[in-house]
Amino acid sequence: MMIHMTAEQNYAINVNFYKCTGCGDCMTACPENQDAKREVGYLDESNAVILVKSANVQVIHESLCTGCGSCIPACPVSAIDIVMKGD
Ligand code: SF4
Ligand code: SF4
């Protein structure tokens, strides 16, 4: 059972679609994606935080993003950024 200590925090996943090549490295690097895939054996619109579709990475379930930042250095073209949402 996972306990999210930062449940009150929300993060915005910003993708520069002009830069993104759809390589999928951020998708693979995302620990939340990895957990979701481990749980059910696949990653799709039902459980992914970020997912490559139509040659770009798409933000699917932004609310599941923990703000860990692992996706940022994983991107070879610096197309992804995570910002804390203000209230
Ligand atoms: S910040 Fe972490 S949880 Fe959020 S999309 Fe990037 S790798 Fe996934
Ligand atoms: S790692 Fe960068 S270029 Fe690759 S899919 Fe993610 S945002 Fe796009």
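Which residues of the largest nonpolar core touch the most other members? In this predicted model, they are Ile 13, Ile 50 and Ile 80, which stand out in this respect within a core of 15 residues. The legends below begin with the chain as a whole and then turn to separate close-up views.

**Figure 1. Overview of the protein chain, a predicted model with 3 helices and 4 strands.** Followed along the sequence, these elements come in the pattern β-α-α-β-β-α-β. The protein chain has 87 residues, of which 30% count as buried, and its accessible surface comes to about 5600 Å², with 53% of that area belonging to carbon and sulfur atoms. When contacts between residues at least 6 apart in sequence are considered, 59% of them join residues at least 24 apart.

**Figure 2. Close-up of the largest nonpolar core, with its 15 residues.** Ile 13, Ile 50 and Ile 80 are the members that touch the most others, and the elements that give two or more residues to this core are β1 (11–15) and β4 (80–84). Of the elements, β1 gives the most, with 3 residues. With residues up to four places away in sequence left out of the count, Ile 50 touches Ile 13, Cys 26, Met 27, Cys 30, Asn 33, Val 57, Gln 58, Val 59, Ile 60, Cys 71 and Ile 80, so that the contacts of Ile 50 include both Ile 13 and Ile 80.

**Figure 3. Close-up of the pairing between β1 and β4, which is antiparallel.** The two strands are joined over 5 bridges, and Val 15 stands opposite Ile 80 in β4. Strand β1 is mostly covered, since 4 of its 5 residues are buried. In the segment before β1 lies Gln 9, which counts as partly exposed because its relative accessibility is 32%. Although Gln 9 and Lys 85 are 76 residues apart along the chain, their C-alpha atoms are separated by 7.5 Å.

**Figure 4. Close-up of the hairpin formed by β2 and β3, with 2 residues between the strands.** Strand β2 (residues 50–53) pairs with β3 in the antiparallel sense over 4 bridges, and the bridge partner of Val 52 in β3 is Val 57. Within this hairpin, Ser 54 takes a positive phi near 50°. Beyond the hairpin, Ser 63 is found in the loop between β3 (56–59) and α3 (71–74), where Ser 63 is classed as exposed because its relative accessible area is 57%. The C-alpha atoms of Ser 63 and Val 49 are 7.9 Å apart in space, while the two residues are 14 apart in sequence.

**Figure 5. Close-up of the surroundings of ligand 1, which has 13 residues around it.** Among these residues, Cys 30, Cys 65, Cys 68, Gly 69 and Cys 71 come nearest to the ligand. Sorted by class, the shell around ligand 1 consists of 8 nonpolar, 4 polar and 1 charged residues. Two of the residues named here, Cys 30 and Cys 71, also appear among the contacts of Ile 50.

**Figure 6. Close-up of the surroundings of ligand 2, where the shell divides into 8 nonpolar, 3 polar and 1 charged residues.** The residues around this ligand are Cys 20, Thr 21, Gly 22, Cys 23, Gly 24, Asp 25, Cys 26, Val 57, Cys 75, Pro 76, Val 77 and Ala 79. Of these, Cys 26 and Val 57 are also listed as contacts of Ile 50, and Val 57 is the residue in β3 that serves as the bridge partner of Val 52.

Notes: Residues are numbered from 1 along each chain as its sequence is written. Chains are lettered from A and ligands numbered from 1 in the order in which they are written. This is a predicted model: local features need pLDDT of at least 70, side-chain atom pairs count only at pLDDT 80 or more; totals for chains, interfaces and linings use all residues. Side-chain values use heavy atoms; hydrogens and water are left out. A nonpolar core is a set of buried Ala, Val, Leu, Ile, Met, Phe, Trp, Tyr and Cys residues joined through side-chain atoms within 4.5 Å. Buried means under 20% relative accessible area, exposed over 50%, partly exposed in between (1.4 Å probe, protein chains only). Contact means heavy atoms within 4.5 Å. A residue is near a molecule or strand if one of its heavy atoms lies within 4 Å of it. Ala, Val, Leu, Ile, Met, Phe, Trp, Tyr, Cys and Pro count as nonpolar, Asp, Glu, Lys and Arg as charged, and the others, Gly among them, as polar. Accessible areas come from the Shrake-Rupley method with a 1.4 Å probe; for residues, only the protein chains shown count as cover. Two strands pair if DSSP finds at least two bridges between them.
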